[in-house]
Amino acid sequence: MSRAKQGGRFGIVDLGSNSVRLVVYASAERSPVLVFNEKVMAGLGRSLASTGRLDPKGIDRALDGLRRFMALREQIGVPHLVVAATAAVRDAEDGAEFLARAEKICGFKIELLSGADEARISAQGVLSGIPEADGLVGDLGGGSLELVPVSGGKSGTGATLPLGPLRLIDLAHGSLAEAEAVVDRALGEQDWLKEFQGRPFYAVGGVWRNLARIHMAQRSYPIHVLHQYVIPARDATDISKVIEKLGPKSLAQIPDVSERRVEALPFGALVLDKLIAVLKAKEVIISAYGLREGILFDRLDKKEQAKDPLLAGCRDLAGRLARFPQHGNEFNKWTAPLFADDVFGETPAEARLRHAACILADIGWYVHPDYRAHHAMTQILLAPFSGIDHAGRLFLARVGYHRHEGKGEPELLGNLSGIITERDHERALVLGLALRLAFTLSGATLGMLPKTCFEIGKNTITLVVPKKYEALVGEIVVKRLAALGRAIGRKGDIRVGK
């Protein structure tokens with residue numbers, strides 16, 4: 001694949017075994033912004049196991065969907081489009097015939113991914129969204145299951161198994177008992193999986209995302225973001241066993257289950273249950289990133305690939321919403337003394353989150369003052385960021401809240417206790433109060449803040465302001481410095497320098 005950074009909108013059509021999907025990103029970049037997403041549940045691989053061929057009705061639905069996607073490409077304006085086909089098309093006797101018809105609609109060559117390519121690219125997609133991933137990736141499509149080790153930002157050699165729910169339904173004639181035997185046999189042949197026992201399992205695929213939604217609903221979990229949502233293995237096993245026992249009518253009544261996933265859900269739950277047992281996994285981590293994001297990542301140049309996805313995403317959001325997006329670097333340097341080892345202290349991971357919070361510090365400025373704190377909090381909490389877990393999201397969101405509200409406590413989103421530590425609550429308050437002071441002192445403009453600095457002693461925090469800017473030190477600055485001082489157990493003071 002080409003590794004040039006693409007200008008303009010970038011689209012991907014994924015011709016999968018169950019669904020055919022079009023995604024359009026604002027551009028090909030490290031933190032891609034999704035601008036359009038549509039899928040057709042075609043079911044290309046529905047009868048593949050029993051007939052060796054693509055499902056006839058699935059072919060019609062897929063080609064109809066592809067025609068619409070090509071029309072949408074023209075309507076939306078997508079100069080760069082990749083169409084990729086996976087397991088069903090790859091394995092079917094009439095796969096080449098289908099590709100010829102599809103390419104006639106597209107007007108260009110479709111990429112037919114091998115099993116190894118599909119596994120590698122899916123793993124790369126997970127790594128692009130969770131760079132620190134260290135364990136085993138499982139990407140469950142309609143026709144196949146890709147299992148790939150990941151560690152140190154790289155993927156290893158994995159396997160592609162014929163365990164997609166549609167294929168299992170066909171192979172087992174709709175019987176979960178027969179499907180269980182198929183899954184046990186296939187996983188039992190993968191001796192290499194023993195090397196990953198006890199390691200995290202990263203789950204990719206629509207069926208498993210539906211299981212995560214059910215778990216969220218059971219817990220009344222307040223952050224409705226699937227990416228990097230963690231399910232304890234015992235919970236995942238319990239949910240899977242319950243889903244396996246429910247019939248289609250009962251499944252359809254569960255609010256968090258997509259109607260289009262009802263048939264496949266018990267079989268996907270069965271596969272997850274068996275994998276957890278083989279891997280002795282302690283937790284299942286949901287990845288919203290997979291094959292499509294891996295395809296996009298492969299198209300980036302080396303410089304773009306090397307960027308931190310969280311910081312890139314924060315800069316993109318700030319570029320759209322903040323008055324001065326460049327403020328982030330000023331704030332990051334200005335607040336650093338507060339988190340020095342002899343004051344509050346921070347790890348490299350905490351410093352990264354502080355930098356992200358500084359970039360996002362002004363995204364709520366344009367709404368009514370009474371709503372800025374909660375708006376900034378929810379905007380950050382639910383933003384389509386990658387490279388961050390849910391505890392990190394909540395930390396950033398709380399910083400955004402305290403930057404506008406001071407020491408108050410948010411109530412809008414319900415019970416968020418237990419997601420982050422007390423130390424992180426305190427760090428979020430300190431950083432939020434510091435940013436609140438920074439905007440007051442500088443009048444929300446660039447260039448003034450770096451001319452000031454903090455001197456932090458054992459009992460005091462002194463804000464040093466050049467004489468040229470002495471008039472900017474008013475009552476509100478003194479008040480907000482005092483609040484910051486109390487948060488770090490020190491008395492606030494101001495000194496006018498030369």
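**Notebook: pockets and cores**

I began with the second largest pocket, and by class its lining holds 10 nonpolar, 3 polar and 6 charged residues. A reminder to myself: this is a predicted model.

**Second largest pocket**

I looked up its volume next, and the second largest pocket comes to about 360 Å³. I counted 19 residues in its lining, and Glu 132, Arg 352, Leu 353, Ile 388 and Asp 389 are the ones nearest the centre. Which elements give two or more residues to this lining? I found α16 (348-359), α18 (390-405) and α19. The largest share is that of α16, with 4 residues. I also wanted to know where the pocket sits relative to the domains. Both domain 2 (116-290) and domain 3 (308-496) supply lining residues, so I place the second largest pocket between them.

**Largest pocket**

I then moved to the largest pocket, where I noted about 1100 Å³ of space. Its lining is made of 48 residues, and I marked Arg 21, Arg 209, Ala 288, Arg 292 and Glu 293 as those nearest the centre. Going through the elements, I listed β2 (20-25), β3 (34-40), β6 (135-140), α8 (206-219) and α12 (291-298) as giving two or more residues each to the lining. Helix α8 gives the largest share, 6 residues. Sorted by class, the lining of the largest pocket has 20 nonpolar, 16 polar and 12 charged residues.

**Nonpolar cores**

Which residues have the most contacts inside the largest nonpolar core? I picked out Leu 147, Phe 201, Trp 208 and Leu 396, in a core of 110 residues. Helix α19 (residues 422-442) provides the largest share of this core, 11 residues. I checked the domains here too: domain 2 (116-290) and domain 3 (308-496) each contribute at least three residues to this core. Apart from this core I found another one, with 28 residues that include Val 13, Val 20, Phe 69 and Phe 98.

**A closer look at Leu 147**

I finished with Leu 147, one of the residues with the most contacts inside the largest core. What does Leu 147 touch, once neighbours within four places in sequence are left aside? My list starts with Leu 136, Val 137 and Gly 138, and goes on to Gly 158, Ala 159 and Leu 161. To these I added Leu 187, Trp 192, Leu 193, Phe 201 and Leu 275. I was pleased to meet Phe 201 again, since I had already noted Phe 201 beside Leu 147 among the residues with the most contacts inside this core.

How values were computed
Residues are numbered from 1 along each chain as its sequence is written. This is a predicted model: local features need pLDDT of at least 70, side-chain atom pairs count only at pLDDT 80 or more; totals for chains, interfaces and linings use all residues. Side-chain values use heavy atoms; hydrogens and water are left out. A nonpolar core is a set of buried Ala, Val, Leu, Ile, Met, Phe, Trp, Tyr and Cys residues joined through side-chain atoms within 4.5 Å. Buried means under 20% relative accessible area, exposed over 50%, partly exposed in between (1.4 Å probe, protein chains only). Domain bounds come from an automatic or database domain assignment. Contact means heavy atoms within 4.5 Å. On a 1 Å grid over the protein atoms alone, a cavity is a set of points where a 1.4 Å probe fits but cannot get out, and a pocket is an open set with protein on both sides within 12 Å along at least five of seven lines; lining residues have an atom within 4 Å of a point. Grid points are joined across faces, edges and corners, and a volume is the space filled by probe spheres set on the points. Ala, Val, Leu, Ile, Met, Phe, Trp, Tyr, Cys and Pro count as nonpolar, Asp, Glu, Lys and Arg as charged, and the others, Gly among them, as polar.
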